[in-house]
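Let's take a walk through this protein, starting from one side chain and working outward. Have the viewer open and follow along.

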Amino acid sequence: MLTGRESLVRLIGKRRRFLPNCQSLFPSYSAGSSNPQEENGEVPSCSGKGPSKYEMDIRGNGEAGRSGGMVSDLGWVNCPVCGDKLRATDYNINSHLDTCLARGTKRKLTQRTLLESRFCSRSKDKVHSDDSSNLGSNSTHRDLENSPACNTSSTLPEFGATEADKRNQCLLPLDLSFNRETCIEVLVENLPKEGSFDKVDEPPPFSHDLEMHQLNMVSFKDNISGATLETFIVGRRFSDEVELKQGASISLSRDSNNPKDPNAIKVFSMDSESGKMLGFLPRELAQYLSPLIEKYRVNFEGFVISLPKHSFDAVPIQIVCHEIVSRGEKESNDCQCFESLWENVVRVVEYAKKFPTSMTRYQQNFCIIIHEVLDTYSHLFLDEEKLFLESFSSLSDDSQRLLVRLYTRKGPWFRISNISYAEILDCQEAIKGLCAAGYIYSLESTKEMNFRDMKEVLDVLVVSELREISSLTHLKGGVRCTKKQDFIAWILASYEDGMCPLLPSLILDRTGTCIRITSTAELLLWRVERLFFLNGQQDLSAFLLVNLGLVKYPSYKCITMNQIFPGRSDLLEYEEAVEVAQIMDQSLDENNIEVVMRCIEISEAHISSSSDEVAQSSISESVGTFLSRYSALWIYSKVVTLGISFLECDHKYQDAIRLLKQLLSAITCDGRRGYWTLRLSVDLEHVGCVCESLLVAEEGLLDPWVRAGSKMALQRRVLRLGKPPRRWKTPSFADSVKRKIKEVHIQGRPLNCETGMRNRYYGEDGEQCGVEQLALQYYAGDGGGWQGVHAESGIWMMIFGLLMWDVIFADVPDVFRTRFQTAPLDLETDNFYIARKNLIESHLQKIQDGMAEEILITSWESHVETACRGVNWERHTLSELRAAVTCIGGHCLASFCRHLSLDYRSWSSGMPDLLLWRFCGEYTGEAKLVEVKGPRDRLSEQQRAWLLLLMDCGFNTEVCKVSPDP
């Protein structure tokens with residue numbers, strides 16, 4: 001795979017079906033994911049029979065025009081040189097004109113006429129005033145205050161925000177603190193479950209003006225005995241008794257051994273002698289009731305309020321609490337915790353009243369995403385876009401469920417006849433509602449079908465139907481197709497040749513009416529999902545994994561000080577860059593060299609036109625290094641980096657050199673500068689510029705952003721290229737780089753010795769194994785009686801994650817923005833150490849003083865099965881980790897953790913293959929790190945850098961070379 005391809009694929013995530021800027025950026029590129037109606041210059045209507053009231057400037061130019069945001073000709077202009085239609089932004093126009101004029105296209109207008117052309121629909125002053133007003137309404141920040149903490153066995157989230165930052169709290173009704181903080185604590189295991197949400201209204205109030213009696217805050221009274229709570233019984237499918245009676249008495253009991261939720265609370269029937277289990281309380285409520293039941297011995301009883309329509313639906317109940325321990329026996333700290341827990345219980349109950357039990361989980365989750373994004377990022381949406389998204393909550397349950405189902409499917413077209421879901425009672429009415437609201441577009445007649453539609457709709461047919469169409473057209477001499485895509489290509493080619501004019505009718509006769517999500521809805525829903533998760537890898541399935549108890553995310557506070565996207569224009573530029581990245585990826589798959597080069601050209605032009613002000617952003621320097629990853633410049637630099645690897649594979653070194661120089665001059669603070677500098681030095685040597693290559697390597701070693709393996713590689717290049725007469729003086733780092741690394745040679749009986757194949761050997765037990773397993777067997781026997789694991793960087797990342805857990809999830813502004821993070825946003829940047837320097841150093845001192853094992857055990861027991869970057873709970877046992885930590889020693893562990901804290905990105909890979917340990921006494925031991933190499937393997941620069949660094953830290957390291965028996 002090309003260098004940078006995997007990283008770009010992760011950034012893109014799920015490929016978009018609709019690319020709004022594709023036609024303007026790539027006039028000759030026909031992407032399968034483009035908007036089908038825009039091919040003919042049309043905007044799709046909601047029903048296929050006319051424009052919708054919600055159709056807006058979906059192309060993303062940021063300006064909806066003076067008429068209220070509808071799509072108009074003011075958003076698009078024709079190029080005065082070639083006549084192509086392009087988006088009316090300065091950047092698009094300038095880059096397009098540069099391309100037209102550079103290729104020698106005949107000018108249709110004079111230069112003066114070009115400058116006088118009115119390309120933009122609105123003046124820059126108007127645009128800037130809008131952006132500044134948006135920023136002004138969202139730029140209010142408050143100084144952080146320390147909220148009171150209570151020491152309980154369960155983690156208690158502390159909510160509280162100013163009115164200006166109320167949007168950050170969204171749908172988690174967990175306000176335990178009335179401090180005016182701009183922070184929330186995210187407990188993703190408390191996400192709403194079935195029976196908790198209906199249509200989304202306003203978020204729960206969090207201001208000082210909140211009247212306490214409206215939330216029934218009986219926690220501040222002397223006695224809560226007799227307080228009533230209305231909630232639901234969920235998880236009915238796991239009950240012992242299906243039939244219920246209205247008014248039936250119930251009781252609650254803790255289920256601490258529940259593998260899915262340690263806070264689970266069971267509901268039992270009190271009317272039957274056997275006390276049959278009826279279900280569970282909702283997870284978000286059990287989170288706070290469980291410590292009340294266990295620690296404070298509060299007893300709950302109640303009865304069934306009403307019966308649901310279906311036996312497995314949530315059952316409304318009312319419970320009454322009876323406190324056993326008197327309040328006077330409790331200490332002040334306990335009272336504070338008790339009140340905080342009870343306050344959360346009441347908030348969860350009151351919030352759940354706003355939503356009926358009819359909503360499905362995925363429907364609830366979709367409402368959460370839309371609502372939270374509109375609250376948090378309202379300044380990034382036009383008024384028409386907000387109205388469009390808010391209209392989702394007014395749709396019927398069936399329409400909401402159908403839209404979510406269609407959005408998460410591949411598509412883009414769907415047969416109405418094939419749409420059937422158990423939870424959707426009336427699909428036809430659901431489709432009508434979505435069409436009326438502008439969320440889907442129907443294809444009912446051949447007049448509405450263009451060539452792109454035919455290509456996409458053919459994909460919903462099965463091979464037998466495609467074969468039937470080809471036979472009805474009486475085509476002779478056709479190819480014998482076995483694959484569906486070959487069949488479709490053959491039929492479309494026949495249609496273009498005029499041999500199959502009735503193809504549209506033949507398609508619709510078999511598919512019937514088809515529907516697809518409109519381009520407006522597709523664009524806005526993608527934007528909402530991207531803003532909610534802030535990456536392309538997560539989607540609605542993240543909620544599902546939490547709901548099923550398969551993933552538990554850590555608890556942390558979201559402290560918002562800076563906006564990720566200061567203005568709408570920043571978001572639109574970012575989206576356009578992601579679009580270019582996706583087209584780049586698709587073109588590489590299709591081997592479309594012309595489009596690949598066009599993507600590189602667009603990215604290069606954007607980087608070259610980016611001023612220092614844009615590159616550094618308006619964000620403060622301390623956070624700019626990680627929030628800048630959400631800029632268009634960052635994405636374009638990734639596209640260019642991938643393009644450089646592509647050009648190098650094609651031996652176009654001069655073009656690669658030009659791009660590398662441009663990257664290094666435009667982006668001055670980036671961890672990738674080491675890779676770029678190394679590639680520039682290598683490519684210069686390829687074209688015969690050895691002196692310049694040496695000079696680039698020497699200058700790179702002075703760059704503070706050149707680190708780890710890249711720095712090691714540049715040092716070795718300087719030593720190799722800097723021999724007399726080019727350089728007469730030996731560099732100061734020569735002795736360090738030339739240090740010998742201890743080597744051990746062992747022999748094994750090979751299973752295969754073919755070049756390019758992974759080496760396989762017969763182990764001491766006669767079983768087949770790799771070189772690492774063979775080395776483990778050697779060290780366990782003749783090598784010294786070592787125990788150990790083959791984990792490369794895996795076990796080290798886990799040790800770091802567990803030892804530094806409290807540091808990783810410390811309260812730092814801007815680094816936690818979503819509910820689904822397994823690490824702070826700045827973990828791979830220099831800001832991680834800078835923002836936590838005092839905390840890190842004090843924690844490392846504890847590790848160095850011999851407290852590593854205690855910290856490890858505490859972290860394991862407190863956070864087991866909780867998702868964290870680098871922590872794999874299933875791969876290593878606690879006993880293995882304890883043995884490794886004990887034998888490594890505090891000094892070496894502290895040095896290792898310090899290097900990762902300083903530069904996680906550079907040092908999180910390349911660790912030696914084997915971690916070995918052996919005990920010398922009951923509480924003392926020694927450890928060894930071994931890099932294993934086969935007969936034709938050699939150390940990479942990153943591996944060599946790690947081994948030398950570990951030697952400097954005091955680790956015992958060596959290289960084990962395996963060779964076949966003679």
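Start with Arg817: this is a predicted model, and in it Arg817 has a relative accessible area of 15%, so the residue counts as buried, the cut-off being under 20%. You'll find Arg817 in the loop between H30 and helix H31 (831–835). Which side chain does Arg817 join through a polar contact? The partner is Asp814, and the contact between the two side chains is 3.1 Å. Leaving aside residues up to four places away in sequence, Arg817 also touches Leu534, Cys558, Thr560, Asn562, Gln563, Ile564, Leu627 and Leu825.

Now step back to H30 itself, which covers residues 805–808 and holds Trp805. Is Trp805 buried or exposed? With 5% relative accessibility, Trp805 is classed as buried. The side chain of Trp805 makes a polar contact of 3.4 Å with the side chain of His863. His863 is also on the list of residues that Trp805 touches, along with Pro554, Ser859, Thr866, Ala867, Cys868 and Trp873, again not counting residues up to four places away in sequence. Another residue to look at here is Ile855: 50 residues separate Trp805 and Ile855 along the chain, and their C-alpha atoms are 9.4 Å apart.

How does that fit the whole protein? Among contacts between residues at least 6 apart in sequence, 73% join residues at least 24 apart. Of the 966 residues, 55% are buried. The protein exposes about 42,600 Å², with carbon and sulfur atoms supplying 49% of that area. As for secondary structure, there are 36 helices and 20 strands.

One of those helices is H6, residues 283–294. Its 12 residues, at 1.5 Å a residue, should span 16 Å, and the end C-alpha atoms are indeed 16 Å apart, so the two values agree. Because 11 of the 12 residues of H6 are buried, the helix is largely enclosed by the rest of the structure. The buried set includes charged-looking names to click on such as Arg283 and Glu284, as well as Leu285, Tyr288 and Pro291.

Next, the strands. Strands of a sheet pair through backbone hydrogen bonds, either parallel or antiparallel. In one open sheet, 3 strands line up in the order E10-E12-E11 with antiparallel pairing. Strands E10 (414–415) and E11 (440–443) are the edges, each pairing on one side only. E10 pairs with strand E12 (residues 514–517) over 2 bridges, and Arg415 sits opposite Cys514 in E12. Helix H10 (residues 397–408) packs on this sheet, touching E10, E11 and E12, and its direction makes about 80 degrees with that of E12.

Finally, go to strand E19 (residues 925–933), which is mostly covered, with 7 of its 9 residues buried. Which way do its neighbors run? Strand E18 (residues 914–919) pairs with E19 in the antiparallel sense over 6 bridges, and the two form a hairpin with 5 residues between them. Leu915 has Leu929 in E19 as its bridge partner. Strand E20 (residues 957–964), by contrast, runs parallel to E19, joined by 5 bridges, and there Lys933 stands opposite Lys961.

Terms used
Residues are numbered from 1 along each chain as its sequence is written. This is a predicted model: local features need pLDDT of at least 70, side-chain atom pairs count only at pLDDT 80 or more; totals for chains, interfaces and linings use all residues. Side-chain values use heavy atoms; hydrogens and water are left out. Helices (H or I, at least four residues) and strands (E, at least two) are DSSP runs, numbered from the N terminus. The expected span of a helix is 1.5 Å times one less than its number of residues. Buried means under 20% relative accessible area, exposed over 50%, partly exposed in between (1.4 Å probe, protein chains only). Contact means heavy atoms within 4.5 Å. A polar contact is a pair of N or O atoms within 3.5 Å; within protein, one must be able to donate a hydrogen and the other to accept it, and residues adjacent in sequence count only if both atoms are side-chain atoms. Two strands pair if DSSP finds at least two bridges between them. Axes are lines fitted to C-alpha atoms, for helices over the stretch in contact, and angles run from 0 to 180 degrees between N-to-C directions. Accessible areas come from the Shrake-Rupley method with a 1.4 Å probe; for residues, only the protein chains shown count as cover.
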